[in-house]
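Q: Could you take me through one helix in this model, up close? I'd like to hear how it sits among its surroundings, and then a bit about the cores elsewhere.

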Amino acid sequence: MERPAASVPGTQAIARAAHLLRLVSAAGTTGKGVRELAVDAGLTRTTTHRLLSALRAEGLVDQDERSARWLAGPELFLMGAAAAPRYDVTHLAGDIVRSLAVKTEESAFLSVRRGDETVCLVREEGSFPIRSFVLSEGVRFPLGVASAGLAILSFLPQEDVDAYLVRHPELVARWGEAHDAASLTRRVADTRDRGYAVNPGLIVPGSWGLGAAVFDHAGRPAWALSLTGVEFRFGADRLPELGRLLLAHAHQLTTRVQSARRM
């Protein structure tokens, strides 16, 4: 995620706390221990525990008494409920995601852009018995890594794409050489030409993904529909049909979102 300007007083502490909140919420109902959170956040264990304790005092996180793992707190639920009418489109997307899973027999997803990441909001299982479990509700990926994020990144203005690549040189160290600036630039160009993104097993070998952007009322890529499955289900003989279905469902959701925002 892009960090706020350091010249604003208190920015560093707020950014660290916000980063921890995202890490805790992404851990879902299993939570995470303080040591793991410290590593993920790039902080010392002492600093991490101090920030988590302050967040717990405000009800933003909680700690399981038996496992000592940290979980999302009740105030996050209340804040989310207050923000949902403005940002949540899952009520508009549910039947579209289900339709995509039924027609393709693959697992289908809705993800939302949050800064320089995507967060999975909805998962619908396909009927094909062999499945990929790379993505589930609450899982975050940087833009350009999973197919949903690549679809969103590809349809941002070029200056935003260039700025994103400059901000995130760490993608190579975490996700491999296939995520350097030159490789991502090529995949962005391919996605724009094709209309949908393809992830050929770059996160987990043998697990492929397709993603298509969903646009808000201003024409910005704010969400994405995606499919995941095993490699042999995404062969050259089937890929164009999967892409066609994915784009059709993404267009349907874009139309629905834009119509709802005008009401």
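A: Let's start with helix α3, residues 45-57, keeping in mind that this is a predicted model. At 1.5 Å a residue, its 13 residues should span 18 Å, and the end C-alpha atoms are indeed 18 Å apart, so the expected and modelled lengths agree.

Now for the sides of the helix. Buried in α3 are Thr-47, Thr-48, Leu-51, Leu-52 and Leu-55. Looking down the axis of α3, you'd find its buried residues within an arc of 130°, so they line one face of the helix. The spacing fits a general rule: an α-helix has 3.6 residues a turn, so residues three or four places apart point the same way. Over on the other side of α3, Thr-46, Arg-50 and Ala-57 are exposed.

What sits over the buried residues? The cover for α3 includes two helices, α1 (11-26) and α2 (34-41), along with the strands β1 (61-63) and β2 (70-72). After α3 comes Gly-59, which has a positive phi, near 80°.

As for the cores, the largest nonpolar one has 30 residues, and Leu-110, Trp-223 and Leu-253 are among those with the most contacts inside it. Elements giving it two or more residues include α5 (90-104), β3 (107-114) and α10 (239-262). The top contributor is α10, with seven residues. Take Leu-253: leaving aside neighbours within four places in sequence, Leu-253 touches Leu-92, Ala-93, Ile-96, Leu-110, Val-214 and Leu-225. There's also a second, separate core of 22 residues, and Cys-120, Leu-135, Val-145 and Leu-171 are among its members.

Key: Residues are numbered from 1 along each chain as its sequence is written. This is a predicted model: local features need pLDDT of at least 70, side-chain atom pairs count only at pLDDT 80 or more; totals for chains, interfaces and linings use all residues. Side-chain values use heavy atoms; hydrogens and water are left out. A nonpolar core is a set of buried Ala, Val, Leu, Ile, Met, Phe, Trp, Tyr and Cys residues joined through side-chain atoms within 4.5 Å. Buried means under 20% relative accessible area, exposed over 50%, partly exposed in between (1.4 Å probe, protein chains only). Helices (H or I, at least four residues) and strands (E, at least two) are DSSP runs, numbered from the N terminus. Contact means heavy atoms within 4.5 Å. The expected span of a helix is 1.5 Å times one less than its number of residues. The arc is that of the directions from the helix axis to the C-beta atoms.
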